[in-house]
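Visitor: I should like a close look at one part of this structure, the open sheet and what surrounds it. Please take me through it in a connected account.

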Amino acid sequence: MREKSKMTTMKLHRFNSLTRLTLVVLCVCATNAKAAENKTVSTDSKDAVVAADSKMQSLFGEFALADDAATREGLWDQLRQLDRTNRAALIQQLTLFASEAQSTRSSMVAGVVIKELKMTGEDVVAALVPMMTTDESTLQKQIKGTLAEFEDQSASRPPDFSMYRALIATEIREGREAPVALVLHMFDVDPGAALIAMTRATQMREPSKIREILWAEHTVSDSIWKQTHGFIDRDTVEPQVSVQLERLANHSEWWARLYVPAAMKRYPVLKSVDLLENLQGDPNETVATAAERLIR
Amino acid sequence: MRYLFITMIVIGSFVFGPRVYGGAGCPFQCADVDGDGSINDSDYALFASCLGEDPQLATQCDCSDMDGNGEIDLADFALFTLLFQNVSDETPPGCTGAIGSAANLTAYRPQHGNGYAPFPRTAVPDNLETDPLLGPGIRINQPGDDDPQGEDDLVEMVLDVNPPGAALALHRSSSALRVWTSRTKTPGSEISFIGDKTAALPIGPGDSNLTLWVEWTAGFGTATLTVEPPTTSIIKDEVLFHAFESIVVALGGENQPTSVPVDPNHGTFVVGIAMYNVGFDVHMFDEDVVGSDGSGEAYDTVVDAIVNREVDKVAIFGYSHGGGSTYDMADRLDINRAGIGVFSILYTSYVDAVGNNSDIDTAMELRRPPSTAYHLNHYQHGSFFEDFSLDGGPVPNSNPPPTGLDIETTPWGATSTHFEVDDFIEVRSLMESTIENNVTR
């Protein structure tokens with residue numbers, strides 16, 4: 001499992017390198033339409049590369065700048081037609097447009113269209129997850145900023161990863177790898193919620209193994225809670241936290257190991273150079289890279 | 001003719017005048033008889049009125065006996081003519097007529113990170129530099145305060161001197177003030193005070209200016225730094241610092257990054273700069289730095305100010321998605337109070353606030369920011385084909401009462417759209433005046 005994951009990650013890494021200097025995005029347009037229907041997603045996006053569609057981009061630009069209702073209404077009809085033809089492609093192109101937007105007006109086009117055409121979270125997630133492997137930081141940021149709409153997070157409420165969990169579970173059930181970029185995104189948003197979601201998505205069945213992960217996550221988040229609310233000093237790392245982080249750093253599942261650099265990134269007080277140095281040599285490249293970036 | 005008259009009076013006073021030593025009680029520079037910092041006609045008028053008189057008669061006469069021989073005579077007149085419209089570094093009774101140095105202190109508004117961005121480097125105008133509100137503000141920099149972006153709590157202050165290389169010193173009114181020659185407090189770069197005065201500053205022989213970095217180490221209040229000769233207390237210039245008790249956060253709308261110079265169409269940042277220029281500690285951010293859970297760089301900056309800089313008052317305002325982020329940040333601050341410390345959110349403001357769960361969130365932000373003492377709310381009504389239906393709306397318990405100002409009910413804002421609501425001078429002016437009225441610096 002670990003080697004398979006590593007190979008997938010390496011393939012993605014090589015692929016990312018090849019496309020680093022291009023403006024194209026990694027998405028599978030034809031596959032996406034199907035993916036949107038089936039609510040599944042390819043984990044290997046080297047099948048096709050689709051550049052920004054200049055016609056659609058122009059249409060969005062005109063829609064953003066139209067200064068009279070009649071013009072905008074005509075453009076809106078065209079957008080509705082595009083939605084009927086290929087909703088996933090429309091979502092992807094909108095996201096590309098938003099990532100390049102230079103004004104409030106342009107940047108809000110995606111949100112308005114998604115809302116007005118009543119696109120669901122499942123539609124958007126299925127369309128955007130294949131694009132998450134992009135190396136373009138502005139596009140990555142836009143994708144993450146769009147997905148946040150369906151995570152329903154607030155200061156008093158953790159993110160809801162149920163859509164991602166269902167999607168990952170389907171991939172795994174059908175013998176494919178979990179989409180690495182999506183998993184990374186989840187751990188970036190909330191390492192604890194991501195760890196629990198992955199425990200379920202990978203269909204872990206052995207109670208003792210589930211409890212092991214639950215306890216580790218509970219121990220760390222309990223300590224962070226104590227810090228946040230002043231029960232312990234902000235700079236204090238409780239000994240039991242270090243123990244659980246070390247256990248997770250040696251866990252057999254790569255995503256459980258990924259929790260360690262993710263939690264240290266989110267809560268710098270937890271940072272342990274020793275653990276990160278060990279994880280730099282992790283057989284899973286995603287874990288190794290996450291550790292390396294943090295220690296750099 | 002005037003000088004002949006003066007000469008006669010001086011000779012007369014020498015012959016008939018009393019012999020009581022004078023000058024010792026004069027706190028001003030030689031020939032600055034009225035103590036206004038300059039030597040001009042008004043000083044001459046007072047000096048002339050004292051000629052031949054007893055130095056103890058009045059303060060101006062005491063100051064007129066510049067050589068301290070007990071008489072206001074020709075010798076004093078000679079000194080006066082030497083110093084007229086010049087400056088002196090000496091005080092009576094030790095006046096020799098030597099021309100003194102001129103000095104000017106210029107303090108700057110606070111730094112951010114490695115420089116000043118997203119603000120321009122801004123000098124505090126001379127006419128405001130001793131104003132306790134509008135003058136230079138300074139962050140408390142307690143030991144152990146590790147700024148997230150590196151040391152940026154020291155305030156830049158430039159000392160200009162004439163002639164170059166003049167010997168000058170600093171005097172402080174409070175030991176809370178420390179002065180460095182490096183912005184990051186490099187070891188060995190601190191200028192020591194003995195008591196509250198330094199020795200001669202390290203101004204090179206040909207140097208006409210010296211850049212200093214001022215640190216405020218503890219406690220609220222105000223304190224002055226004055227520049228004066230090393231051996232006397234003649235004030236050449238003075239700057240009054242006020243230690244910040246509050247922090248003000250400004251959050252722009254979607255795709256409104258901060259910039260130098262500010263984009264005039266980014267009304268939130270125009271207000272932010274206006275408040276920065278009148279002595280508030282303003283921090284401006286792209287709203288993207290605030291997560292939907294309120295976390296991120298802006299939140300960390302506020303928490304750092306409360307935990308490490310004794311700040312206990314917070315103000316937050318934002319436009320569009322920045323309004324949604326204003327709610328999210330206030331919510332997180334309120335939830336996490338137990339671990340942050342004692343503080344009040346004195347002020348919040350929305351301008352056509354849109355929820356900021358995500359970059360594509362288009363819902364109105366209609367919730368009042370939790371625990372805010374005062375909330376200002378401006379909004380307009382969106383329409384799909386005009387501004388994508390983007391708008392804020394009435395927010396309970398807002399100002400103007402009861403739910404804020406629908407600017408489409410005003411003559412100036414009747415045809416407003418979401419994309420211009422933050423730029424109205426009326427909106428910005430009300431924001432500025434309400435911050436001024438509700439937030440202590």
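Guide: This is a predicted model, in which local features need pLDDT of at least 70 and side-chain atom pairs count only at pLDDT 80 or more, while totals for chains, interfaces and linings use all residues. Residues are numbered from 1 along each chain as its sequence is written, and chains are lettered from A and ligands numbered from 1 in the order in which they are written.

In chain B, six strands make up an open sheet with parallel pairing, ordered β13-β12-β14-β15-β16-β17. Strands (E, at least two residues) and helices (H or I, at least four) are DSSP runs, numbered from the N terminus; two strands pair if DSSP finds at least two bridges between them. Because β13 (282–285) and β17 (405–406) of chain B each have a single partner strand, they stand at the edges, and one side of each is left without a neighbour in the sheet. At the β17(B) edge, β16 (residues 375–379) of chain B pairs with β17(B) in the parallel sense over two bridges, and H378(B) stands opposite L405(B).

Two helices lie across these strands. Helix α5 (residues 267–276) of chain B crosses β12 (246–251), β13, β14 (313–319) and β15 (344–351) of chain B, at about 155° to β12(B). Helix α10 (residues 425–438) of chain B lies across β12, β14, β15 and β16 of chain B, at about 175° to β15(B). Axes are lines fitted to C-alpha atoms, for helices over the stretch in contact, and angles run from 0 to 180 degrees between N-to-C directions; contact requires C-beta atoms, placed from the backbone, within 7 Å.
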